[in-house]
Amino acid sequence: MLKTVPQYLSAIIDTYGLTKTLGVIDFYTKPDGGIWFIVGNNSVIFRIRHKGECKMLKCYTRGKQNMRRIYGSQCLREELFVHSDYLRGEWVDVVLCDWIEGKNLHQVILDNLGNPSVMQDLADKFDKMALKLLSEEWAHGDLKPENIIVSPDGELHLIDFDAMFRPEFNGEQSDEIGTAAFQHPSRNSDFFDKSIDDFPIALISTALHALALDPTLAERYDVTDMLLMHPKEIVSHKSKALNEIIPLFAERGKAVSYRRWHDTAGVAVLNCGNLVFDSRKVACKHCVGDFNSFAELFAAANEYGGE
């Protein structure tokens, strides 16, 4: 059954008797005194106090596949009672997680477009996080700047795992396919394995390093609804931004080496200085388009003094 934001607001305002383990919910308020909450595509998130700690309470406006398997003990089963009318309602699952203080990466990028040193630091930290993520057997599933929090100490933290892939999901379909501005265009419900983060990692890493080298790229290409390059244009070789970025990397010495190897999963990896592009999608049956023509430009980096 679908739930609405007003239904959740009514429940949160006075949760006496409407929770199983949380008790009366102590919610944060906005300066105007209203409940602090944000609305996503299929959820509403509240910032609450629980056992002396700041927590995120996530409530879903529509049923979520695999939610219990994704969040484990963080998913409180049938925890909150939501009224459908004055007398009737039902108990629904909610997710209770630690609150991560900070700004999302998208906002931090917009705030620092003219600051190459900050952008380079973000690029390096993103690459570090991405390398760790690529080594895992699970995948985030909706990797984008809005789903990465930059904490006050400058560290990057992933949030929103609703589209997550876990090894036990092999052979299953996903009810989420990520955000079009960052996912491979051929991503669909059947395209669901541990490699689903590869394409957005390559895109975001490329864009961050490019903005660190040339902040004026943001004046010529969109950084509000996407990050310089749109996936459909990339795979069809029609991305003007990417065509500008590739020689920029080569001229600035970023294209240090190009090498490929295959592990048991047939993974092809492109190394460009500090950049690491995991290109599993290049030869993947799900893919449309071929990145090899772009990758070979990095192979010719010796023309610009590379290895």
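1. Ile149. In this predicted model, Ile149 sits in strand β8. Its relative accessible area is 10%, so Ile149 is buried. In sequence, Ile149 and Ile100 are 49 residues apart. In space, their C-alpha atoms are 7.3 Å apart. Beyond residues up to four places away in sequence, Ile149 touches Ile100, Glu101, Gly102, Lys103 and Asn104. Ile149 also touches Glu155, Leu156, His157 and Ile159.

2. Arg47. Strand β3, residues 43-50, holds Arg47. Is Arg47 buried or exposed? Arg47 counts as buried, because its relative accessibility is 18% and the cut-off for buried is under 20%. The side chain of Arg47 makes a polar contact with the side chain of Glu101, at 2.8 Å. Neighbours within four places in sequence aside, Arg47 is in contact with Phe27, Tyr28, Trp36, Cys54, Lys55, Trp99 and Glu101. Glu101 is thus shared: Arg47 contacts Glu101, and Ile149 touches Glu101.

3. Thr19. The loop between α1 (5-13) and β1 (26-27) contains Thr19. Thr19 is buried, with a relative accessible area of 13%. Its side chain reaches the backbone oxygen of Gly23 at 2.7 Å. Leaving out neighbours within four places in sequence, the contacts of Thr19 are Ile25, Glu79, Leu80 and Trp91.

4. Main core. The largest nonpolar core has 45 residues. Which of them touch the most other members? They are Ile109, Phe126, Leu211, Leu227, Leu228 and Met229. Elements that each supply at least two residues of this core include the helices α3 (105-111), α4 (116-134), α5 (198-213) and α6 (217-220). The helices α7 (231-235) and α8 (240-251) do so too, as do the strands β8 (148-150) and β9 (156-158). Helix α5 gives the most, with 10 residues.

5. Second core. Apart from the largest core lies another, of 19 residues. Among its members are Leu22, Val44, Leu76 and Leu80. Leu80 is also one of the contacts of Thr19. As background, nonpolar side chains tend to be buried together in soluble globular proteins.

6. Leu228. This residue is among those touching the most other members of the largest core. Neighbours within four places in sequence are again left aside. Leu228 is then in contact with Ala207, Ala210, Leu211, Leu217 and Ala218. Its contacts also include Tyr221, Asp222, Val223, Ala241 and Ile245.

7. Helices α5 and α8. What is the angle at which α5 and α8 pack? The angle is about 65°, and the axes are 10 Å apart. That makes α5 roughly perpendicular to α8; the range for this term is 65 to 115 degrees. The contact is made by Thr206, His209, Ala210 and Leu213 of α5. From α8 come Leu242, Ile245, Leu248 and Phe249. The crossing of α5 past α8 is left-handed. Two residues of this contact, Ala210 and Ile245, are also in contact with Leu228.

8. Whole chain. The chain has 9 helices and 11 strands. How many of its residues, as a percentage, count as buried? Of the 307 residues, 50% do. Take contacts between residues at least 6 apart in sequence: 59% of these join residues at least 24 apart. The pair Ile149 and Ile100, 49 residues apart in sequence, is one of the contacts of Ile149.

Methods: Residues numbered from 1 in each chain as written. Predicted model: local features only at pLDDT ≥ 70, side-chain atom pairs only at ≥ 80, totals over all residues. Heavy atoms only, no water. Helix = DSSP H or I, 4+ residues; strand = E, 2+ residues; numbered from the N terminus. Buried < 20%, exposed > 50% of the residue type's maximum accessible area, 1.4 Å probe, protein only. Polar contact = N/O pair within 3.5 Å; in protein donor to acceptor, adjacent residues only side chain to side chain. Contact = heavy atoms within 4.5 Å. Core = buried A, V, L, I, M, F, W, Y, C linked by side-chain atoms within 4.5 Å. Axes fitted to C-alpha atoms, helices over the stretch in contact; angles between N-to-C directions. Parallel < 35°, antiparallel > 145°, perpendicular 65-115°, else oblique. Left-handed = near helix turned anticlockwise from the far one by under 90°.
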